[in-house]
Amino acid sequence: MTLARAARLATTAAGCLLAAPAAPSAQARLACRPLAFTAAAVARLSGRASVPPRPLSSPCTWRPRARCSQAGPAATEHRLPSSTRGLASSASATVAPPSLEPLDSFARRHIGPSDADIAKMCRVVGVRDLDHLAELAVPDAIKIKSPTRIGPGMPEQDALVRLREIAAKNKVFRSYIGQGYAASVTPNVILRNVTENPAWYTQYTPYQPEISQGRLESLLNFQTMVADLTGLPIANASLLDEGTAAGEAMLICFSAHNRKRNVFFADERIFPQTLGVLKTRAEGFGIEVVVGDYEKFDFDAYKGKLMGVMIQYPNSEGSVVDYSTFAEKARSHGALVTVATDLMACALLKPPGEFGADVAFGNSQRFGVPLGYGGPHAAFFAVRDEQKRRMPGRLIGVSKDANGKLAYRLSLQTREQHIKREKATSNICTAQALLANMSALYAVYHGPKGIKDIAQRIHNLTAILAEGVRFLGHSIVNAHFFDTLTIRLKSGDVGPIRSAALAAGINFLYVDAATIGITLDETVRASDLNSILTVLGATTDQLPALSANSTAFPAALVRSSPFLTHPVFNSYHSETEMLRYIFYLQQKDLSLADAMIPLGSCTMKLNATSEMVPITWPEFGNIHPFVPADQAEGYSILFKDLEHDLGEATGFDAICLQPNSGAQGEYTGLRVISAYLKSIGQGQRNVCLIPVSAHGTNPASAAMCGMKVVTVKCEDNGNLNLVDLKAKASQYKDTLAATMITYPSTYGVFEDTITEATRIVHEHGGQVYMDGANLNAQIGLCKPAEMGADVCHLNLHKTFCIPHGGGGPGMGPIGVRAHLAPFLPTHPVVAGVGGAQAGAVGP
């Protein structure tokens, strides 16, 4: 959660948010939930509004993770009424004499430069004050026109009190919903010394290995953990979420066949949120995704066209299936085999690499990371050696330093967008480093025996539950299972069961009118099994007996290979040893707890402690992403506040919180533009004009959306060359879809020709995408929508101080004008998300 803003100009902006934990790029971004309230909190804490919040007529529609709802001047009727604004307390509305005002004002504690420091810097650069600097730097034509109705800012303690009130509106039930998310136990030694430790959560991406050896070693541990458990030789340092990882696995298959095969088969028992992302990702590359039953798939019908297949292990019903024959047949037809899997299950089951998988991926969340209403969580991704140069993201490797000593570094990034640009099949430029480190340390702390014992205990509990379910007369659909049972009720009616479960504070997965799903996890106790069986009709608390460890899956699928054999996973199993290892790693790194990291807006801010405190509250951390809406009312308030405030700060009419990184925001924004153009009969428009100075993610994102990238020249001083822009716009007037402009530019300049550039593009039928990487320089001075932007992504880890975490998490929501709002991304599981004419971009 990020309550703070580091730059003085940003804090004098119209307002700051104090609002919501957000998520996937796909699991109901579900992947950014906690991060959203961080950002929200920032605004509320430090914001000052030139105009008090105006009364609004009706609340926003609730939007989990893909939280896309109306905001901004053109959609007043959809905004949250000021009387119910999430972080506005009745106390803060009371006008008090100056002598009675709280002293813990946010700006006083969190804006580093003193008035004397600022005055000295202003003298050096030749300006009277910061207002004079802004007056000189920002062109008159783009200076803020409409008042920004955010604020007023709240003292830190008031904000925390209000956040407690909001958190209390969430209902923490026992959730057995599963579908890729399971409750876990974060060891306290990791919670206190990593998750809540600024020496870990303020680190920058480890591009400079000499100040990053600790986190590089930990990420190497993550890679080793993943490779061992999946049975594949090489793994990366994490991806954004499981849905994104699925898309990347499909594109490896596409690339491996030189884009000459375009059919991809996905089993129908893959998690629905993953399938949603997969279908969206396929469209930009012209890939045909065939969804069906793997046992009935006709390989011969797609001979010479099939590039890959995807299966879930265990699948969405909980079934543990022997896929070896299917994998062999797929490979015999020249297709790659990709497997979505569960690391905890792989401690007991034969790993995917041993039955023919070329790629294995999934969510590492159950290795010690809270549910967090869907994220952020670190996806894992492992491949066979022959696919390593197609693997997305970052790979940590072992090297030697100048003195010949062992050292770690980023060793392989061949698919990163800054190398391939528009030729890339991936725009991945970040990861979930903080969450990956938590999962890696979880494995270090428990070791191979501890992990296997946890997995076996979960399986034993599930086997006991299965016996109880059968005794009560219900039938179990999946004969072979690890932790999940799909249960057909003897009554054929889930209604009474649902009512009884809710009354007992329990959530199940409701598959259809007669079927439920139950997924167990490491937090479950015998008393929980009794509660579940009582809901299902039991009248006694006596559980079925289990004489020995259960193995409710085929003998051929029992794991025999060792894992986590490296000494690091077999040395630190007491809290004392673990604590010392964590600090040993920490002392090798430079973070904002040590010094300034002057690398731009990514790093030049320190996350305020009061912003971070609520992240680990159970009312925020222990909420499953697919709970009923009335159990997440607190999250709803936070999301609405954040959407409203982002709309006010940028001038956009609608905000979508689904993308969980800046690159995901780019992809989402361009997808929205493409969908809009198709809706008005302009589907032939596929050219994207991108300045040569643009971030490498820009051309990669455009290519992923099926656009043709045309480069626009820049002047010697870095400014956009308007002559070339106009010429290219005219040349492609019949096919121009969009332009991508970073503002201020990558040179840090507020170009006074920006409104002319947006006019040129609009006159030639295109839409304007503004890269929001430098939005922190705009807040309170100008608004993207008022300059002519149609869509803009917002890097909240920059402007609103979400922790950088050593390379993630982040959040990249987008703002859009009203005509694009119907095309904001939806979610296949959570209702009421996004526009009416779109698909999913994240889980």
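In this predicted model, the contacts of L502 beyond its neighbours within four places in sequence are with F173, N507 and Q631. L502 itself belongs to helix α15. With a relative accessibility of 37%, the residue counts as partly exposed, since it falls between the 20% limit for buried and the 50% limit for exposed residues. A further link across the chain is seen in the backbone: the C-alpha atom of L502 lies 9.7 Å from that of R174, although 328 residues separate the two along the chain.

The helix that holds L502 is worth a closer look. Helix α15 spans residues 494-503, and V494, I497 and A501 are buried within it. These three residues lie on the same side of α15, because they cover an arc of only 60° around the axis. Such a pattern fits the geometry of the α-helix, in which residues three or four places apart point the same way because there are 3.6 residues a turn. On the face turned away from the buried side of α15, the exposed residues are P496 and A503. The cover over the buried residues of α15 includes three strands, β14 (506-507), β15 (509-512) and β16 (515-519), together with helix α16 (526-535).

Both ends of α15 have features of their own. At the start of the helix, a side-chain oxygen of D493 comes to within 2.9 Å of the backbone nitrogen of G495. Just after the helix, G505 adopts a positive phi of about 75°.

Helix α23 (residues 722-731) invites a parallel description. Here L722, D724, L725, K728 and A729 are buried. They sit on the same side of α23, as their arc around the axis is only 160°. V723 and Q731 are exposed, on the face of α23 turned away from its buried side. The partners that the buried residues of α23 pack against are the strands β18 (687-691), β19 (708-712) and β20, along with helix α24. The N-terminal end of α23 is capped by N721, with a side-chain oxygen 3.1 Å from the backbone nitrogen of V723. V723 is thus met twice in this account, as an exposed residue of α23 and as the residue whose backbone nitrogen faces the cap.

Attention now turns to helix α17 (residues 575-586), whose axis comes within 10 Å of that of helix α7 (residues 188-195), with a crossing angle of roughly 20°. At this angle α7 counts as roughly parallel to α17, because the limit for that class is 35 degrees. The two helices cross in a right-handed sense. On the α7 side, the residues that take part are V189, I190, N193 and V194, and they meet E575, M578, L579, I582, F583 and Q586 of α17.

Helix α17 also packs with helix α14 (residues 433-471), at an angle of about 145° and with the axes 10 Å apart. The crossing of α14 and α17 is right-handed as well. L441, V444 and Y445 are the contributors from α14, and their counterparts in α17 are E575, M578, Y581, I582 and L585. Several α17 residues serve both partners: E575, M578 and I582 meet residues of α7 and also residues of α14.

The loops supply some backbone details. Two cis peptide bonds may be noted, one joining Y313 and P314 with omega about -10°, and another joining Y743 and P744, again with omega about -10°. P314 is located in the loop that runs between β6 (306-313) and α12 (324-332). P744 is located in the loop between β20 (736-742) and α24 (754-763), and these two elements also pack against the buried residues of α23.

Positive phi angles occur at two residues that are not glycines. One is Q179, with phi of about 60°, in the loop between β2 (174-175) and α7. Q179 counts as buried, because its relative accessibility is 10%. The other is Y373, likewise with phi of about 60°, in the loop that joins β8 (359-363) and β9 (379-383). Y373 is buried too, with a relative accessible area of 0%.

Key. Residues are numbered from 1 along each chain as its sequence is written. This is a predicted model: local features need pLDDT of at least 70, side-chain atom pairs count only at pLDDT 80 or more; totals for chains, interfaces and linings use all residues. Side-chain values use heavy atoms; hydrogens and water are left out. Buried means under 20% relative accessible area, exposed over 50%, partly exposed in between (1.4 Å probe, protein chains only). Helices (H or I, at least four residues) and strands (E, at least two) are DSSP runs, numbered from the N terminus. The arc is that of the directions from the helix axis to the C-beta atoms. Contact means heavy atoms within 4.5 Å. A polar contact is a pair of N or O atoms within 3.5 Å; within protein, one must be able to donate a hydrogen and the other to accept it, and residues adjacent in sequence count only if both atoms are side-chain atoms. Axes are lines fitted to C-alpha atoms, for helices over the stretch in contact, and angles run from 0 to 180 degrees between N-to-C directions. Angles under 35 degrees count as roughly parallel, over 145 as roughly antiparallel, 65 to 115 as roughly perpendicular and the rest as oblique. A crossing is left-handed if the near helix is turned anticlockwise from the far one by less than a right angle, and right-handed if clockwise.
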